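Me: Could you take a close look at one part of this structure for me, and then follow its surroundings outward? I'd enjoy a connected account rather than a list.

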Amino acid sequence: NHVESFIPGAVITRTATITSSLSLREQPDNEAITETSPPLIPSDATEDELAWHANHDFTTAPDDASSTASATDDWIKQDFESQSSTSFPSANQEEVQQSQQLLANGPIRGPTNVIVYDTTLRDGTQMESISVSCADKLKIAQRLSEFNVDYIEAGWPGSNPKDEEFFRRAQTELDGKAKSKLVAFGSTRRKGIQAKDDAQIQKLVDCCAPTVCIVAKAHLWQVTDIIRANPTENLDMITDSVSYLTSLGIDVMVDLEHYFDGFKFDKDYTLKCCDAAVKAGAKVLVMCDTNGGSMPWEVDEITKETVEKFGNLATVGIHCHNDCGLAVANSLTGAKAGVGLIQGTVNGIGERTGNADLCSIVPSLALHVDSKMTCNDNLDEITSLSRYLDETLNRTPNRGAPFVGSSAFAHKGGLHVAALERSPDSYQHVDPSKVGNQLRVLISELSGRQNILWKMK
C-alpha cells in the first residue's frame, strides 16, 4: 500500500509493501522530513526498534531511491509487527454467537434475568477530570468483554474524532467477542431532514457497530422548549431514525431522555414516544432518569406501568444518574419492577455526580436478588475490574466503595472482630471472596483483644 501522512509543518510520503493499513508515528511540527532523513526515534520505542536504528546508518544518502524505500518498509513493518504483538486474544466463536443472539428470543424481564449494559466509555467519560485516550478505551473495552458485560457503549462516533477512531480501530484491535458487544451511541435525526440524509446517523452506520443506541426526547416540554420541535415531528424523528437503522440490519435501542420527569409532566406523550420507537423496530426502550431527581417509589410506579404496556413488545431498560445518591437504588427498584436491561458504569463514574454504579448493582442482583446475568460466573473479578479502571484512568480508588473498596470488609471495633472470630457472617452481608475482595482487621484505640490476636495469627 502507498502510505501517506500529512502533518502540520511536514509531509511524509513513503511506499510500503505491507497489506495492513498503518498510522505513521506523528513527527514534530515545523521539521522538514526528506526521503534521506533518518527516521526520528519515538520516545516509546521498543528495544528491538532501538537496536534496528543502531544497525542502520542514515547519515549518508542511499545510492538509489529503492534502498530508501526498502529501509522505510523495514521501519514501518517493524513498527506494525511490534504493535501487533500486543493484540488481544481471539474470542471463542460460541461466546460471540451468544452475544449476538442476546435479544433474538424476545424481551428480557427482570429481576429473574437482567442484561448488563456498560456505558463507562461514553457516559462515564463525561465526568469532570476524566479523559481517556483511544488506546486506553480499547484496553478497557477488552477488559469489560472479558468480565462479560452484555453491551459496551463505547462512544458517539458522530460527536468527536476520538470515538470515530475507536470504532475504526476496534475492527482490527478487539477480538470477536468484544466487537459483538459494542454499541455506538447517537441521537435521532435532526428536524427537517430524513434519517438517511442525516450525517450523524450515517456515522452510526459507518462505524460498523452491531448495535446502536439513539437518544430521543420523551418529555413534551423538552421537545417544545429545548429542541423547539413540533410534538408530532419529534415522534416522526424517532420513527424515521429507528426504521432506517433497523432496515440496515442494526439492532436499535432508544434512550428515552427525561423519561420519568416527562411521564410526570405528560404521561400520554411520553408513552407515545415509546409506541413510536417500538412500532419502528426498537428492541429496547430505556427509561432515563436524566436529571437524577426521581425517587425509588416513583421509579417503581412508572416502571410497572411502562412494563405493563410495552414489556411484551420490547425489553424495558433503565438509565439512572446519581444526583440524589439514588442511582443504584433506582436501578435495583427498576429491576424488581420488571426492567430487563440496566445501564451503568464501572465505579459509578459519569456526568455531574455520576451514573449508576455497576460494581454495586451487579453483585447486589447476583447475591441478594439471585438474578441471572451473563457475568455472574466472573463476579469474583469485579474488584479487579474496578481497580483496573481506576488505574487506567489515573484515579484514586474509593476505599469506601461497596463490595469493591478496600474498606468494604474492613473491621475495627473490638466487639465486631470478636464476633467475626466466631462467624464471618456476624458482621458481613456476603463472603468478600465472592466479589474478589478480602476481610481485613484493623488496629486502633477502638480495638479489643481479638483484633490483636487476629493480627498475630
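Reply: Asn394 sits in the loop between H15 and strand E11 (410-411), and this is a predicted model. The phi of Asn394 is near 60°, a positive value in a residue other than glycine. That is worth a second glance, because most residues other than glycine have a negative phi. Is Asn394 buried or exposed? With a relative accessibility of 72%, Asn394 counts as exposed.

Arg395 brings us to a salt bridge. Its partner is Asp390, and the closest N and O atoms of the two are 2.9 Å apart. The two partners differ in burial class: Arg395 counts as partly exposed at 28% relative accessibility, whereas Asp390, at 3%, counts as buried. Since the cut-off for buried is under 20% relative accessible area, Asp390 falls within that class.

Now to helix H15 itself, which spans 382-393. H15 takes part in the lining of the second largest pocket, where it gives the largest share, 3 residues. Helix H13 (327-336) and helix H14 (358-369) also supply at least two residues each to that lining. The pocket holds about 380 Å³ of space. It is lined by 27 residues, and those closest to its centre are Asn347, Gly348, Asp357, Asn398 and Ala401. By class, the lining has 12 polar, 10 nonpolar and 5 charged residues.

H15 also helps to line an enclosed space. The structure holds 1 cavity of 30 Å³ or more, and the volume of the largest cavity is about 50 Å³. Both H14 and H15 supply at least two residues of its lining, with H14 giving the largest share, 3 residues. Among the residues around this cavity are Leu358, Cys359, Val362, Ile382 and Leu385. Val116, Phe147, Val149 and Val346 are also part of the lining. What is the make-up of the cavity lining by class? It has 9 nonpolar residues, with no polar and no charged ones.

The cavity residues Phe147 and Val149 lead to another backbone feature. Asn148 is in the loop between helix H4 (134-147) and strand E4 (151-155). Like Asn394, with its positive phi, Asn148 has a positive value, near 80°. Their surroundings differ, though: Asn148 is buried, with a relative accessible area of 14%, while Asn394 counts as exposed.

Helix H4 has a salt bridge of its own. Lys139 and Asp136 both lie in H4, 3 residues apart, or about one turn of the helix. Their closest N and O atoms are 3.9 Å apart, and Lys139 is partly exposed at 40% relative accessible area.

Val116, another of the cavity residues, points to one last backbone feature. Pro111 is found in the loop between helix H3 (93-100) and strand E3 (115-118). A cis peptide bond joins Gly110 and Pro111, with omega about 5°. This is notable because most peptide bonds are trans.

Methods: Residues numbered from 1 in each chain as written. Predicted model: local features only at pLDDT ≥ 70, side-chain atom pairs only at ≥ 80, totals over all residues. Heavy atoms only, no water. 1 Å grid on protein atoms, 1.4 Å probe; cavity = no way out; pocket = protein on both sides within 12 Å on 5 of 7 lines; lining within 4 Å. Points joined across faces, edges and corners; volume = space filled by probe spheres on them. Helix = DSSP H or I, 4+ residues; strand = E, 2+ residues; numbered from the N terminus. Nonpolar A, V, L, I, M, F, W, Y, C, P; charged D, E, K, R; others polar. Buried < 20%, exposed > 50% of the residue type's maximum accessible area, 1.4 Å probe, protein only. Salt bridge = Lys/Arg side-chain N within 4 Å of Asp/Glu carboxyl O.
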